[in-house]
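Reader: Please take one part of this model and go through it closely. I would like to see how the side chains pack there, and how that part relates to the rest of the chain.

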Amino acid sequence: MFHQIQAHRTEQPRRLPTQHSPAITIMTTGQIITAAAGIISLPFVPAALAWIKPATALAVLVTAIMFIASLDTDLGRLAQKALDITLRRLPLIYLVSLALLATWAVGVSLALWQFSVADFSAGGWLALLFLALWPWFTLGTLLIALNRSCPKTGRWLVNPMIAIGSTVLCLLLLEALCQLAYGSIPSSITARMPQAGERIYRVNYDHPNGFRQYMPYLKITDYQGGSTGDMFFKSCLPPDAAQDAVYIVSYTRDEYGFRNPSPWPEKVHLVVLGDSFVYAGGIEKPFWQDIHPSTLGLGMDATSTLEQSRILETYGLPRSPQVIVLAYYEGNDMTGNWAFFFNGSARKGYERWYAEQPVRNFLVIYNMLSAFKDRFLVKGCHWPIIDSRGQKRAFLEEEISIFTVPYQALKQSQFYAITRDAITAMAGEARAGGAQFVLLYIPTKLHACWQSVQAQLEIISAHVVSWDLPATGNVVPRPDRPPRETAALLAQNIDAQRAVIAELAQEKNITFVDLTTLLQDAVANGTEPYFFGDSHWNQTGHDLVRQIMTDVLNDYSSERQAN
């Protein structure tokens, strides 16, 4: 008789725990409250988190079904029957459900780490409450159902299988979904990945003249500020230290991938070349706009002087400019020139770097976990520091190492020889075409803030690997040097590269516009020309440089007319 009753019981549908169970009461209540928080937050969701809206709709639907299934009504029994089929007869669907919920819980938690407190309004925090807690309540409900739907004797086998299977399936699904939605993943994660150049930034490395350029006619809408700056993924600066206001930049690339009106004119008065300071993807109005009505901006991210010389030959010189401005950035132009010379073209350099990357660097999950580790588990990070004016400061370490190289070593290096030859050749081509050549020297943020951070040099140096620079070949990193010695090298050589380039300009009779003093004075007077969490100028910095360049070019025009 006992066996018959037991058999009869095992044949009964295993319902979700009802509202009489404290466990299901807690889980269901949590589901409803967090889903309601998601609904209430919809009008206040930041534009960068617009994907919360479809997620909320899905959560409300799932919550409604599971709540109805817990009710002792005809509709509840119908919903329960559908869930029973899922839980007992289609275990794969159950595993997928667990995996998707785990994907939501883990993926969203890792993705949201880049947003700081300042990024959320009161409604935004409700959205965060919904995203962070709803999947856990739902997972709890399903796991309780699993526990009650299996015989006790089989749980020792079922539970580990479910745990392992769900984990593996979760990781596979998460990776597949993230690869499909690669463009929607926070840039602080994708920027770490080798495929970002072609998949996110749409860089073409195959121009016949060997330089890189962006895909033309592409409409760009970028979220800037907050914790989107390069220092949040290139250094240990924590996202919750963000100070820059969040804003949106929108523009459309021209027929050659630059930031000019289309179509290009046959002739222009002014051509401006450079890297990301000229392209200025995070700025609404770059410094070169409005200097002259007939201006062509040929800025391209991650390029240096040698590569820019090919851009000038291809796009600038054929338009017979009267003035050519080359923006030289002291943070990475010399190292970039050596790399481009060594590789011979942007494509070969990219392929060489691409081939050296381990497989794990291409995985979104791995980079999410790395970002999580960098965010919460990093030790010994000193950013931000407090300067002598009481301002918080952070600097990009990879652009500081060049300042540990003494003047004489720098001038005798192959780094300088390649840079010198590229600048000299561009100046010669400009003069041959009847144009004035202007060399615009751009300092790093550290150099611009130098007067207020000298007392913190040893702390800054704790993040910096100093260099030895031989006469030929690449730099030799010296991680064995203690911070005190690196700080001394910085103090001795901060102006070495500036002096080398200024001497080159004087020797070749090149108009030299050094922005170092201008930006140092601006910082000393309380103006912030650089982003806090990025190594580039903010709009204030671009406006300052536009004014000085307008004055310089007006003076040149006056002199030309007088002669």
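Author: Ile460 touches Trp383, Ile385, Phe395, Ile400, Leu446 and Val453, once its neighbours within four places in sequence are set aside. The model is a predicted one. Ile460 is also among the residues with the most contacts inside the largest nonpolar core, a set of 76 residues; the others named with it are Leu273, Leu298, Phe395 and Phe437. Helix H17, residues 414-432, gives this core its largest share, 8 residues. A second core, separate from this one, has 24 residues, including Val272, Leu515, Tyr530 and Met549.

Two of the contacts of Ile460, Trp383 and Phe395, also pair with each other through their rings. The model has 20 aromatic pairs. In one of them, the rings of Trp264 and Tyr315 lie 5.6 Å apart between centres with planes at 80°, so this pair is edge-to-face. Trp264 is in the loop between S4 and strand S5 (270-274) and Tyr315 is in helix H12 (residues 305-316), 51 residues apart. Trp264 and Tyr315 are both buried. The pair of Trp383 and Phe395 is edge-to-face as well, with 6.0 Å from centre to centre and 80° between the planes. Trp383 belongs to the loop between H15 and S8, while Phe395 belongs to the loop between strand S9 (392-393) and helix H16 (407-411), so the pair ties together parts 12 residues apart in sequence. Trp383 and Phe395 are buried.

The loop that holds Trp383, between H15 and S8, also brings in the disulfide. The structure has 1 disulfide, formed by Cys236 and Cys381 with their sulfur atoms 2.0 Å apart. Cys381 is in the loop between helix H15 (364-376) and strand S8 (385-386), and Cys236 is in the loop between helix H10 (231-234) and strand S4 (247-252); the two cysteines are 145 residues apart, and the pair links distant parts of the chain. The link is right-handed, with 85° about the S-S bond. Cys236 has a relative accessible area of 16%, which makes this cysteine buried because the limit for that class is under 20%. Cys381, at 25%, counts as partly exposed.

Elsewhere, ring pairs join Tyr205, Tyr350, Trp353, Tyr354 and Phe362 into a cluster. Two arginines also lie over rings: the charged end of Arg199 is 4.3 Å from the ring centre of Tyr182, and Arg253 is 4.0 Å from the ring centre of Tyr214, over its face.

Note on methods: Residues numbered from 1 in each chain as written. Predicted model: local features only at pLDDT ≥ 70, side-chain atom pairs only at ≥ 80, totals over all residues. Heavy atoms only, no water. Disulfide = S-S within 2.5 Å. Helix = DSSP H or I, 4+ residues; strand = E, 2+ residues; numbered from the N terminus. Buried < 20%, exposed > 50% of the residue type's maximum accessible area, 1.4 Å probe, protein only. Core = buried A, V, L, I, M, F, W, Y, C linked by side-chain atoms within 4.5 Å. Contact = heavy atoms within 4.5 Å. Phe/Tyr/Trp six-rings, centres within 6.5 Å; stacked < 30°, edge-to-face > 60°. Lys NZ or Arg CZ within 6 Å of the ring centre and 35° of its normal.
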